[in-house]
Amino acid sequence: MDLKKRYILLLVSALFLYASPFIAQDKETEEGEEVLYEPSLALHYFKNTDGARILTGEIKVKRGRQFLPLENAEIKFFAGVDAQINLGTAKSNKQGKAILELSKETELPFDDSGAVVLSAKYEAEENSQETSDEKTIIDIAFEMTLEEVDSIKTIRLTATKMGKNKEMFPLGDFEIDVFVKRLYSDLKIGSIYLDAETGSGEMEMPTIPGDSIGNIVVIARVTENDEYGTVEQSAEVKWGTPVEYRTSRLGPALWSSNAPLWMTITLYIFIAGVFYHLILIINRLFKIKKLGLEARKDPNFK
Amino acid sequence: MNHSKDERMEDKKKNESRRNFLKLGFGLGAASLASVAGSGLFNLSSVNAEPSEKVKVLTQDGKLLEVDKSQLHPVQNDIICRQESKIGLPNRKFVMVIDLAKCKNVRKCITACQEGHHLSAEQEWIKVFLLQDSEQTAPYWFPRPCFHCDNPLCVSVCPVGATYKRSDGIVLVDAERCIGCKFCMTGCPFSARQFHWKKPERDYDKEIQYSPETNIPPKEGTVGKCVFCADKLRKGELPRCLSACPMGVIYFGDMIEDAVTNGSETVRFSELITNRSGYRKFEELGTEPCVYYLPPVDRMFPVDRGLDGLDQENLNRYKDVPYIKNLNSNERGT
């Protein structure tokens with residue numbers, strides 16, 4: 001094969017290698033469209049104790065039967081009808097979650113009924129379609145008080161909801177779950193039913209273990225509600241049963257002091273026997289040397 | 001003054017060694033400056049902060065940089081060294097609860113464990129058995145990890161102290177110390193330990209630091225076992241087998257906090273065990289396992305579903321179970 005043919009072959013191979021991903025993509029596309037992925041985006045709204053709001057855009061792609069998180073996707077967040085206000089942009093992490101924390105100062109454009117339209121948008125890229133999600137959120141706020149009434153530990157909750165002219169009205173006839181923070185998740189300890197008129201309710205704190213001094217974190221939470229999103233209020237209180245767990249590290253039994261007495265005595269006898277013989281040998285060697293020196297002094301020594 | 005070729009070579013070598021020495025000195029100096037700059041590792045990031053004290057740091061590629069102290073942030077080192085791994089998480093006592101009514105041998109726990117701990121296909125730190133208490137009772141799937149006993153025989157019999165129980169209840173193996181005598185394998189009444197007969201299948205960077213919390217990289221000629229994913233627990237994450245299980249079979253949590261979770265549901269440990277008649281396998285042996293089982297009652301699906309899609313090698317594992325024997329004989333009869 002001459003040099004020219006070799007170059008042509010190399011060029012063809014290189015072109016084939018370069019084009020192979022696109023060939024593979026074409027197999028997956030429908031009717032010659034260049035779009036490969038059809039991602040789905042879900043917008044989540046979270047309001048925490050400090051009043052700070054967090055918007056999370058969760059983006060996933062369907063591969064086979066599974067929905068896999070899409071990493072490093074740029075999600076834009078907007079507020080208001082027709083996305084009037086650009087709240088910011090965030091990139092999705094390994095779990096496919098793009099998290100945007102809004103500061104307390106960020107004013108959301110609530111309408112006259114106290115609701116705001118929030119949206120998240122993922123713009124089309126080379127190999128994926130665009131997708132978006134929208135949520136209408138009504139602002140609610142909690143006020144949680146933890147107090148002992150007649151030596152009964154009571155959790156009191158008052159909730160308000162934004163209404164006309166952005167005024168806060170009691171959120172009544174509604175149930176809010178109460179949790180206690182645990183190491184890997186939050187343990188639900190009950191629910192508080194809010195009175196229709198006052199928007200407040202209470203529950204008794206059950207006996208629950210706390211940390212070494214009895215501290216626990218109590219959380220009142222509305223989870224993924226269609227109207228309110230996720231809203232929580234938490235507070236730390238010394239209402240738990242103090243628990244301190246101490247255990248001595250367990251070592252190998254071979255070196256522990258729990259060995260039977262006969263074994264210990266036998267072992268010491270063996271060790272003593274060995275050392276006795278070693279000392280005896282050294283002693284005898286010195287004696288031999290001494291005898292040798294004395295013998296040399298003897299005039300009859302040959 | 002004329003130097004011979006050999007002399008010149010020798011001088012060159014001396015100069016090179018001097019240069020190497022100076023390089024080493026410079027490197028060590030820079031490293032010490034970096035260590036003075038703060039304890040632990042630092043990560044440079046562009047945060048908005050007031051300019052303050054300047055400190056010298058050594059970058060990963062060996063460059064010495066002077067940066068604003070406010071730009072330094074301590075980062076969590078993912079690899080927990082051998083000494084550190086001996087100390088458990090303070091005031092914790094980990095416990096696992098396995099709901100036998102939900103298990104249908106999907107085997108996702110096994111594959112997640114193998115991927116997470118770089119195990120080969122034949123090494124299963126969590127095994128799923130098909131148990132049948134008698135010929136008259138229904139069979140059920142029985143996942144079996146290490147039980148992390150409170151009175152572990154494996155720890156008692158280890159002659160070199162390679163396996164130990166931490167304050168948080170986790171029993172670990174230090175493969176750097178393990179001599180492969182297999183005393184612990186013999187001592188364990190639950191056969192939860194496995195011997196690494198072969199070299200690891202994948203190639204590891206020589207600089208990768210071994211950690212008993214992950215058992216990565218696995219070492220040939222040592223014993224390995226379920227570690228309750230101690231590395232993940234330290235980061236506030238749940239064990240791999242639990243996260244991978246689509247049926248929510250495995251609950252995990254802290255016994256001190258009296259709460260266990262399967263990722264989607266969190267319940268009080270004491271209530272779960274009392275209400276669902278939780279028990280520990282071979283409790284009569286006195287090893288006090290930290291893994292509890294909920295009996296396989298009110299099952300939502302037949303046990304046969306766990307046999308779907310299994311290859312012949314896995315099917316052969318269950319051939320001695322009376323239920324499977326009956327199934328096979330019925331098939332032959334028809």
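User: Happy to look at this one with you! How much space lies in the second largest pocket, and which elements supply at least two residues each of its lining?

Analyst: This is a predicted model, and about 700 Å³ of space lies in its second largest pocket. Among the 22 lining residues, Tyr184(A), Ser185(A), Leu238(B), Gly263(B) and Ser264(B) lie nearest the centre. The elements that each supply at least two lining residues are β12 and β13 of chain A and α7 of chain B.

User: Nice. How do β12(A) and β13(A) pair, and over how many bridges?

Analyst: A hairpin of four residues joins β12(A) to β13(A). One of the bridge partnerships sets Phe179(A) with Lys188(A) in β13(A). The two strands pair in the antiparallel sense, over eight bridges.

User: And which residue of β15(A) stands opposite Val178(A)?

Analyst: Gladly! β12(A) and β15(A), residues 216-225, pair in the antiparallel sense over four bridges. In β15(A), the residue opposite Val178(A) is Ala220(A).

User: Which element gives the most to the lining of the largest pocket?

Analyst: The largest pocket holds about 1,400 Å³ of space and is lined by 30 residues. Its lining has 10 nonpolar, nine polar and 11 charged residues. Several strands of chain A, together with α3 and α7 of chain B, each supply at least two of them. The element giving the most, with five residues, is α3(B).

User: Good to know. Which residues have the most contacts inside the largest nonpolar core?

Analyst: That core has 47 residues, and α3 and α7 of chain B are among the elements giving two or more of them. Ile250(B) touches Met96(B), Cys109(B) and Leu242(B), among others. The residues with the most contacts inside the core are Phe228(B), Ile250(B) and Phe252(B).

Key
Residues numbered from 1 in each chain as written. Chains lettered and ligands numbered in written order. Predicted model: local features only at pLDDT ≥ 70, side-chain atom pairs only at ≥ 80, totals over all residues. Heavy atoms only, no water. Core = buried A, V, L, I, M, F, W, Y, C linked by side-chain atoms within 4.5 Å. Buried < 20%, exposed > 50% of the residue type's maximum accessible area, 1.4 Å probe, protein only. Contact = heavy atoms within 4.5 Å. Pairing = 2+ DSSP bridges. 1 Å grid on protein atoms, 1.4 Å probe; cavity = no way out; pocket = protein on both sides within 12 Å on 5 of 7 lines; lining within 4 Å. Points joined across faces, edges and corners; volume = space filled by probe spheres on them. Nonpolar A, V, L, I, M, F, W, Y, C, P; charged D, E, K, R; others polar. Lists of a residue's contacts leave out its neighbours within four places in sequence.
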